[in-house]
Amino acid sequence: MAQLVVDLSPREESFQLKPPLSMVSSRIPEGLLTISLQRVQIHTGAPPYRIQVMISGGDPAQLVVLRDALHRIMMGTRGQPLRPLHPNILQDCEPLLPLSPEQQRVTDLALSGKSIFFTGCAGTGKSLVIKHILRALPAATTFLTASTGLAASALGGTTLNAFAGIGRAEGGLQGMLKMASRPDAAKRWRTATTLIIDEISMVDGGMLDDLEQVARSVRRCKQPFGGLQLVLTGDFHQLPPVAKGRQAMAERKFAFEADCWESCISACMLLTKVYRQADREFVDILSAVRRGRCSRAILDKLQDRCGRPLGMVDSILPTKLYTHTDDVDAINSRHLAELSGEAVRFVAQDTGNPDTLKSACHAKAVVELKVGAQVMLTRNVSAKRGLVNGARGVLERFVGNTIRLPVVRFASGPEVTVGKERWTVKSGNRVLATRTQIPLACAWALSVHKSQGMTLDKVEVNLARAFEGGMAYVALSRARSLEGLHVSGKIHPQALQADPKVTAFYAAMASR
Ligand SMILES: Nc1ncnc2c1ncn2[C@@H]1O[C@H](COP(=O)(O)OP(=O)(O)OP(=O)(O)O)[C@@H](O)[C@H]1O
């Protein structure tokens, strides 16, 4: 059953539909339409009101018809024009998992208009909550960003720098103000009502303070962050802000250390239930690693349980996670070269700004594949069939003459001809660039940074060269189970340390 939240806000007066809300029927050009209203949220307070209606149906395309009809019905009953339709909806028809009560509470708070930070261990559903929030808020004024292009593109957003229009944030605050005041960027800042930032652990606190000043200046509003609603999420025990060199590493600040944090964030919420792993023992080990409390005994248990290499399942090898991209590239190139047979090159068709695509698109400009290659999907193709971002398989053959397409046998069972997919890089509802490419990548090895946010069935982790706290936690927590995890080599002690500032931040949050 596909579900969709239709946004009917902002409205200047309260919603007239009263219980029973179960059915709305109306004659529309397509015939008699009956919409089942699953949930109506009316956030009261001062107008404009925010109203979301969840509708459901078997066929995503049908939902779009329902959505349009619902708008028309509303227009009829209210007798006044509604704002333009939610432009995201056509792309957002993939059904979402329903939220747990604690995830729903976070979502409701975000939809009430409050600026919030929500956090939780890896696998507690932070990304799922973002997807629900995104579907419920107006696309034209809601901007989804993340610290890295990869994290942003996984959810269809842009980098925080791209939203802010500040390029690489060089030239200090004055430089940022100048860039953010250019017409395009200033328009974005002024139309935005909600700014979502994912993977906030990787955003530097100093940069957040600079952006806060930019927001007040460009939006000409003295309120914190220029009156913009902030929805921040991430886990500060995962990867910290990127810093090159010792000095930069010593100077970097976490976002919660930003001067503006207290005035901008009115609620911090914690998601507690882990969904990625079901095994209690594994969840406890991961929790100890996350908090930097990995005793010798826990480490021994981990290396003992996960010391043996994982076998091949249906000729699919485990994904190797390395901390350095030179290791990753070397492993993938070596394995691809070792395969005999013709290499087929897939060259992307792009529109829009090439720089945007380079920094923010998950798919590569050129993907080279061979029969026998270990591959991974780089986006969700069909959640129903288990063909989701990160799903692993082996390339069986190519089909077609003029347009050749790979046939992949996935670990989840099906043999699938993988067609090209389109990636869209958006800023609010404005399309900046698109790339059409095969949604596959070689997956003998991946970097720990790239693996953040993924779920992997079989994974081999190498942390011998780890150089940051959080790396071990991010890498190990990608696995669903201890049976699907192999820890190769020694774990560098650096990887197992939790930053004391992060530990203190979470302790303070828990005591509130
Ligand atoms: N309410 C839920 N019911 C069932 N499964 C869920 C629920 N919430 C999340 N999951 C599943 O748990 C897994 C992890 O979810 P998600 O990626 O959203 O977590 P996360 O907190 O963003 O993780 P990370 O910090 O590693 O990025 C996914 O496979 C997701 O589908």
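**A ligand shell and two open sheets**

Helix α3 (residues 126-136) gives the most to the shell around the ligand, contributing three residues. This is a predicted model, and the ligand makes a handy place to start looking around. The shell holds 17 residues, and those that come nearest are Q103, G123, K126, S127 and R478. Sorted by character, the shell residues come out as six nonpolar, eight polar and three charged.

A few polar contacts can be picked out one by one. On the backbone side, an N or O atom of P98 sits 3.4 Å from a nitrogen atom of the ligand, while a backbone N or O atom of G125 lies 3.1 Å from an oxygen atom of the ligand. Q238 joins in through its side chain, where an N or O atom is 3.1 Å from a ligand oxygen atom. As for how much of the ligand ends up covered, it exposes 630 Å² when taken alone, and the protein buries 81% of that.

Helix α3 also belongs to the surroundings of a sheet. Six strands make up this open sheet, in the order β7-β6-β8-β9-β5-β10, and the pairing is parallel. At its edges stand β7 (158-159) and β10 (267-271); each has a single partner strand, so one side of each is left without a neighbour in the sheet. Further in, strand β5 (residues 116-120) is joined to strand β9 (residues 229-233) by three bridges, with the two running parallel. Within this pair, F118 stands opposite T233 in β9.

Two helices lie across these strands. Helix α3 crosses β5, β6 (142-146), β8 (194-198), β9 and β10, and runs at about 145° to β5. Helix α2 (residues 101-111) lies across β5, β9 and β10, with an angle of about 155° to β10.

Elsewhere in the sequence there is another open sheet, this one built from five strands in the order β18-β17-β16-β15-β21, with antiparallel pairing. Its edges are β18 (415-417) and β21 (440-442), and because each has a single partner strand, one side of each is left without a neighbour in the sheet. From one strand to the next, the twist averages 45°. At the β18 edge, three bridges tie strand β17 (residues 405-410) to β18, and the two run antiparallel. One pairing here can be named residue by residue: V408 has V416 in β18 as its bridge partner. In general, strands of a sheet pair through backbone hydrogen bonds, in either a parallel or an antiparallel arrangement.

Conventions
Residues are numbered from 1 along each chain as its sequence is written. This is a predicted model: local features need pLDDT of at least 70, side-chain atom pairs count only at pLDDT 80 or more; totals for chains, interfaces and linings use all residues. Side-chain values use heavy atoms; hydrogens and water are left out. A residue is near a molecule or strand if one of its heavy atoms lies within 4 Å of it. A polar contact is a pair of N or O atoms within 3.5 Å; within protein, one must be able to donate a hydrogen and the other to accept it, and residues adjacent in sequence count only if both atoms are side-chain atoms. Accessible areas come from the Shrake-Rupley method with a 1.4 Å probe; for residues, only the protein chains shown count as cover. Helices (H or I, at least four residues) and strands (E, at least two) are DSSP runs, numbered from the N terminus. Ala, Val, Leu, Ile, Met, Phe, Trp, Tyr, Cys and Pro count as nonpolar, Asp, Glu, Lys and Arg as charged, and the others, Gly among them, as polar. Two strands pair if DSSP finds at least two bridges between them. Contact means heavy atoms within 4.5 Å. Axes are lines fitted to C-alpha atoms, for helices over the stretch in contact, and angles run from 0 to 180 degrees between N-to-C directions.
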